[in-house]
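Grab a coffee and work through these exercises with the structure open beside you. Each one gives a task and then a solution in steps.

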Amino acid sequence: MTTADASGRDVLFVVMDTVRKDHLSVYGYDRPTTPGLEAFAENAAVYEQAVAPAPWTLPVHASLFTGRYPSDHGANQENPYLEGTATLAESLSATHESACYSSNAWITPYTHLTDGFDDQDNFFQVMPGEFLSGPLAKAWKTMNDNERLRKAADWLVSVGNKFHEHFASGEGSDSKTPQVIDRTKEFVDGVDEDENFFAFVNLMDAHLPYHPPEEYKEEFAPGVDSTEVCQNSKEYNCGARDIDDDEWSDIRGLYDAEIRHIDAELRRLFDWLQAEGRWEDTLVVVCADHGELHGEHGLYGHEFCIYDPLVNVPLMVKHPDVDPGRYDEQVELLDLYHTVLDHAGVDPSAPDAVALDDRRSLLSDDYRGFDDGEFAFVEYSRPVVELKQLEEKASAAGITLDEDSRYYSRMRAGRRPDAKYIRNERIDDEAYRIDEDPGETENVAGDDDAVAEVRAALERFEDGVSSPWEGDAAGTDEAVLDDMDEDAKERLQDLGYID
């Protein structure tokens with residue numbers, strides 16, 4: 001792999017987890033949630049039509065770290081591991097000192113998303129990143145891959161959910177974002193000025209549950225008790241809990257306060273980098289991995305659909321070769337992988353180069369200059385963990401879920417700024433003219449020329465994916481167990497799930 005040896009190739013990559021675009025004042029929201037990002041945007045490209053490849057953390061980050069779609073890299077809730085491909089950090093290991101700091105439980109050694117980073121820390125207070133590794137990680141994978149053994153995985157998920165609900169309560173919850181920012185500053189400060197750094201951070205404040213710092217709660221949700229509003233999306237989604245307009249207003253206020261806290265912490269980091277002289281030539285990416293629903297389409301959270309509030313995400317990029325301003329062209333988050341490699345000086349023509357496609361780099365004059373480059377694609381696999389939580393809440397309320405519903409459905413979408421087509425596994429397909437109907441309220445499947453063009457592009461995309469929906473990959477109990485090592489078997493035996 002050929003790379004530039006000179007300094008000035010630094011990368012700061014920030015993911016604001018679960019932040020929807022239309023709640024950012026930098027994107028026109030009428031509440032001052034992001035004054036820091038407004039200042040940042042004066043010297044950055046602000047993309048209006050950025051599309052995430054999935055509506056939740058694991059597959060999106062795997063795409064960010066590989067430049068591949070979820071059906072290609074294979075990391076999802078049915079197989080929660082990134083395997084068999086070099087990560088972005090591994091590809092930059094020869095030229096960059098790297099670190100990954102997050103409080104998201106999916107960004108850990110357990111999922112292999114942190115592979116290649118010189119330093120990583122996960123501030124998730126329920127399950128540290130090193131816990132599910134080695135034999136236990138293999139046991140977990142085996143349980144999820146096998147129908148009979150999945151009851152063991154379901155039990156562990158249930159226990160984990162109860163721990164999470166306890167520790168994430170208003171009494172015991174505190175933001176890990178200041179610690180993430182402090183660690184990032186310490187990391188950058190330890191990198192020599194003539195060396196390059198790659199710092200990746202994920203900030204979790206805007207993810208449920210919402211318990212913002214008092215300063216911002218009083219600004220955006222005065223008088224709201226965060227322990228009294230519905231903070232469990234599964235209770236609402238299964239029909240066990242109703243939320244009226246006033247409560248939705250309170251929930252959105254808490255959400256806005258969390259975003260304001262993220263913005264303040266980012267501004268603290270940006271100001272420090274500028275004072276330290278590590279700003280001007282640094283590629284700075286700020287995006288969300290996905291958004292959130294607050295009652296739209298009768299849903300709460302970011303599961304069971306791929307509507308635009310989840311997948312049309314904020315994206316801002318600062319780079320010396322990218323003109324500041326507003327951009328209406330559609331981009332895909334997985335293009336950021338190629339953009340980082342391009343900035344780092346990777347030569348795509350070198351015999352041992354990593355998989356850089358300069359037509360997917362935002363720095364390229366030929367950006368998106370490939371067949372179907374005007375379209376973006378989104379994929380959603382079966383939501384194993386969220387579905388289990390939903391079923392538990394429904395069962396406790398005496399509710400039976402319809403298995404021929406969106407809760408059990410895998411989904412794919414093709415998108416262009418004017419139209420979108422969603423293919424669902426267990427419910428009817430959906431199509432929307434999002435230029436005329438941004439709320440995606442009128443299904444026009446089969447009735448519109450623009451929609452027909454997007455549907456045709458989605459069909460071409462599906463023809464090329466390596467992971468079709470038809471059929472399940474789980475083998476027999478005996479075959480799966482034969483592949484397990486003895487340590488993993490002993491752990492399952494200790495739990496009483498195999499003889």
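## Getting oriented

The chain has 16 helices and 14 strands. Keep in mind that this is a predicted model. Buried residues make up 59% of the 499 residues, and 71% of the contacts with a separation of 6 or more are between residues 24 or more positions apart.

## Exercise 1: the eight-stranded sheet

Work out the strand order of the open sheet of 8 strands, and say which strands stand at its edges.

Solution.
- Step 1: Trace the strands across the sheet, and you get β4-β3-β5-β1-β6-β9-β2-β10, with mixed pairing.
- Step 2: Look at the ends. β4 (119–122) and β10 (325–332) each have a single partner strand, so one side of each lacks a neighbour in the sheet.
- Step 3: Check the turn between neighbours, which is 15 degrees on average if direction is ignored.
- Step 4: Sample both kinds of pairing. β3 and β4 are parallel, with 4 bridges, while β2 (45–51) and β9 (312–318) run antiparallel, with 5 bridges.
- Step 5: Pin down some partners. S102 stands opposite N122 in β4, and A45 has V317 in β9 as its bridge partner.

## Exercise 2: the two faces of an edge strand

Sort the residues of β4 into a covered face and an uncovered one.

Solution.
- Step 1: Start from the rule that side chains in a regular strand alternate between the two faces of the sheet.
- Step 2: Apply it here: Q120 and N122 make up the covered face of β4, and D119 and D121 the uncovered one.
- Step 3: Find a helix that lies across this strand. Helix α7 (177–189) lies across β4, and also across β1 (11–16), β3 (96–102) and β5 (196–203), running at about 180 degrees to β5.
- Step 4: Add helix α10 (245–275), which packs on the sheet touching β1, β5 and β6 (283–287), at about 175 degrees to β1.

## Exercise 3: the four-stranded sheet

Describe the open sheet of 4 strands.

Solution.
- Step 1: The order is β11-β12-β13-β14, and the pairing is antiparallel.
- Step 2: β11 (376–380) and β14 (430–432) are at the edges with a single partner strand each, so each has one side without a neighbour in the sheet.
- Step 3: Neighbouring strands are turned by 10 degrees on average, direction ignored.
- Step 4: Between β11 and β12 (411–416) there are 5 bridges, and E379 stands opposite R412 in β12.
- Step 5: Helix α14 (449–464) packs on this sheet, touching β11, β12, β13 (419–424) and β14, and makes about 50 degrees with β13.

## Exercise 4: backbone oddities

Are H297 and F304 buried, partly exposed or exposed?

Solution.
- Step 1: Place them. H297 is in the loop between β7 (293–294) and β8 (300–301), and F304 is in the loop between β8 and α11 (308–311).
- Step 2: Neither is a glycine, yet phi is positive: about 60 degrees for H297 and about 70 degrees for F304.
- Step 3: Buried means under 20% relative accessible area. F304 is at 0%, so F304 counts as buried, whereas H297 is at 33% and counts as partly exposed.
- Step 4: For one more oddity, go to P209 in the loop between β5 and α8 (214–220). The peptide bond from L208 to P209 is cis, with omega near -5 degrees.

## Exercise 5: the cavity

Which residues line the largest cavity?

Solution.
- Step 1: The structure holds 1 cavity of 30 Å³ or more, and the largest has about 30 Å³ of space.
- Step 2: Its lining is W56, Q77, H302, E303, Y380, P383 and E386.
- Step 3: By class, that gives 3 nonpolar, 2 polar and 2 charged residues.

Conventions. Residues numbered from 1 in each chain as written. Predicted model: local features only at pLDDT ≥ 70, side-chain atom pairs only at ≥ 80, totals over all residues. Heavy atoms only, no water. 1 Å grid on protein atoms, 1.4 Å probe; cavity = no way out; pocket = protein on both sides within 12 Å on 5 of 7 lines; lining within 4 Å. Points joined across faces, edges and corners; volume = space filled by probe spheres on them. Nonpolar A, V, L, I, M, F, W, Y, C, P; charged D, E, K, R; others polar. Pairing = 2+ DSSP bridges. Helix = DSSP H or I, 4+ residues; strand = E, 2+ residues; numbered from the N terminus. Axes fitted to C-alpha atoms, helices over the stretch in contact; angles between N-to-C directions. Contact = heavy atoms within 4.5 Å. Buried < 20%, exposed > 50% of the residue type's maximum accessible area, 1.4 Å probe, protein only.
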